[in-house]
Amino acid sequence: MENQIEKVSRFYKAIAAMKFHSYATTLLLTSTTLVSSTPISAESSHSLDSSKRAITIRQTDKAAAVREAFLHAWKGYSETCFGRDYYFLFTKTAEPCNDYDHHWGKYLLSSVRAMSTAGGTTTYLASMLSAYDLLRGPFKHLGIKSSLVGMLLSQSKTVANRMLNAYDSRDNIFDGYSWIDRNASSDPPLSGYALLSDAGSMVLEWCHLSDLTGNATYCNIAQKQEALLVKPKRPPVAEAFPGLLSSYVQRENLPAYKYDDDVTWGADHAYYTTLLNMFVYDPKKYKAFGNYWKTAATSTLNNLIRPSETQNNLNFLVIFDDIETKTTEYETSCHAAGNLIYGGTLLSQNNLITLGTKLLRTCHHIWKSMPTGLPPQDYQLSGALLDYREAGDLVPPDNFTFAREMYNKKGFWSMFNGYALQKSTPESYYYAYRATGDEIWRDWAWEAFLAINKTARVPGGFVNVDSDKLDGWKPDETAEWTRQQQPALFGTLKYLYMVQKG
């Protein structure tokens, strides 16, 4: 009989091996031939109480409503800025399209990627490999010419070969920035550092490329870099706690590797997710990666969890800054909740599953505590810090009453209430539902969708919101935040769709 890890692996294998999940969902969401019930309009979704909707709306209709929102965002982008990097919803103060990412069409590629990494060029490599796998497998019926499909693999090799110019054999680290014509063996590094979210999340794509091409060079090089992270040369300096690393890989003292900056799941979840996905990709060959993740997750449980000062039932994930844990946290840290549920299920670690669900309930609490039902970008847990800032008038005076009330009643307060529509919590709802089958995660994902569709939706797409504003909030058409955020279009709505689709 199939054991637990085999059961879960069958589901998660697609995510780790980049076979179908995210890209297939995007094809379904954008397909004009998919038959669905009449979508719920933005206006009608605003008017009904979410608890009633959970009873009266069929599951298929919920999925159709999210799909309609996705198509609304896609239509605005594709008709206005197709192939461009960024899309501005209002043009009173800016051009509607921008190419901050070198005109590589990052919006498009983000919908294809199955893995989540922060490294820009690795994003393109992962996207092409995902499309290559799909068109030779689950979407072979589309009948794309084999020569065109083969070009995806050929171009993937070209991209990887160009990236090798950023690899420095003197310390086995890919430089954070590099020139295409850089001489990797003699030219000095351009940046002097690499981001953990970049360096730590390349290995899956590169090893998959080796498997597809038969060229072991790609995987071998990526493995050398990964070895510096999972087996640091100077543990007392390189690791804050066993398995937990800084957001920056400093390179001044080559070949030594030293710890610097914060330890945070919010910025570095891609690294920890990659450890899990390598294990799922080949549990026998990459068994050690599962152990590396377990070490980091256990250190998180033992060192980075802080109870609320005012609410007995809340536990927060905090940041460590080389000296002590901070009382600041970010919405993006809610990635950790789903990651812990995912990994705890794969490795049969019930204590980590429990931790993940507790953190996800805290994330939901933060969303529901704000007037718009949407979370602040970052928040504080310390009442003493609030006292200090109020005494020094370091927060606009009209924020203190709201902040004090939030801290006393909800256990946290926020200075920066903008929400950039990140996928952190929606993605974790998806993992939680698939791992547990508990309908509460679907219900809370539906609440999140209703709040986003009500507050962030504008003609042509979705914009960032000020999450502490009451009903009736309207976007500032002159603000930078009128840009439609990439994660909102191809991350948040994607996971909100998948959790409702089941």
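Does K368 count as buried, partly exposed or exposed, and what is its relative accessibility? In this predicted model, K368 counts as partly exposed because its relative accessibility is 46%, a value that lies between the cut-offs of 20% for buried and 50% for exposed. The residue belongs to helix α16, which spans residues 350-369, and its C-alpha atom is separated by 9.6 Å from that of W444, although the two residues are 76 positions apart along the chain.

For the chain as a whole, 56% of the 502 residues count as buried, and the secondary structure comprises 21 helices and 18 strands. Among contacts with a separation of 6 or more, 66% are accounted for by residues 24 or more positions apart. The exposed area of the protein chain is about 21200 Å², of which carbon and sulfur atoms supply 52%.

One helix pair can be described in detail. The axes of α13 and α15 come within 10 Å of each other and cross at roughly 20 degrees, which makes α13 roughly parallel to α15, since angles under 35 degrees are counted in that class. The crossing in which α13 passes α15 is left-handed, and the residues that make the contact are set out below.

| Helix | Residue range | Residues in the contact |
|---|---|---|
| α13 | residues 265-281 | W265, H269, Y272, T273, L276, N277, V280 |
| α15 | residues 335-346 | H335, A336, N339, Y342, G343, L346 |

By residue type, this contact of α13 with α15 divides into 7 nonpolar and 6 polar residues, with no charged residue taking part.

Key: Residues numbered from 1 in each chain as written. Predicted model: local features only at pLDDT ≥ 70, side-chain atom pairs only at ≥ 80, totals over all residues. Heavy atoms only, no water. Axes fitted to C-alpha atoms, helices over the stretch in contact; angles between N-to-C directions. Helix = DSSP H or I, 4+ residues; strand = E, 2+ residues; numbered from the N terminus. Parallel < 35°, antiparallel > 145°, perpendicular 65-115°, else oblique. Left-handed = near helix turned anticlockwise from the far one by under 90°. Contact = heavy atoms within 4.5 Å. Nonpolar A, V, L, I, M, F, W, Y, C, P; charged D, E, K, R; others polar. Buried < 20%, exposed > 50% of the residue type's maximum accessible area, 1.4 Å probe, protein only. Areas by Shrake-Rupley, 256 points an atom, 1.4 Å probe, with all protein chains shown as cover.
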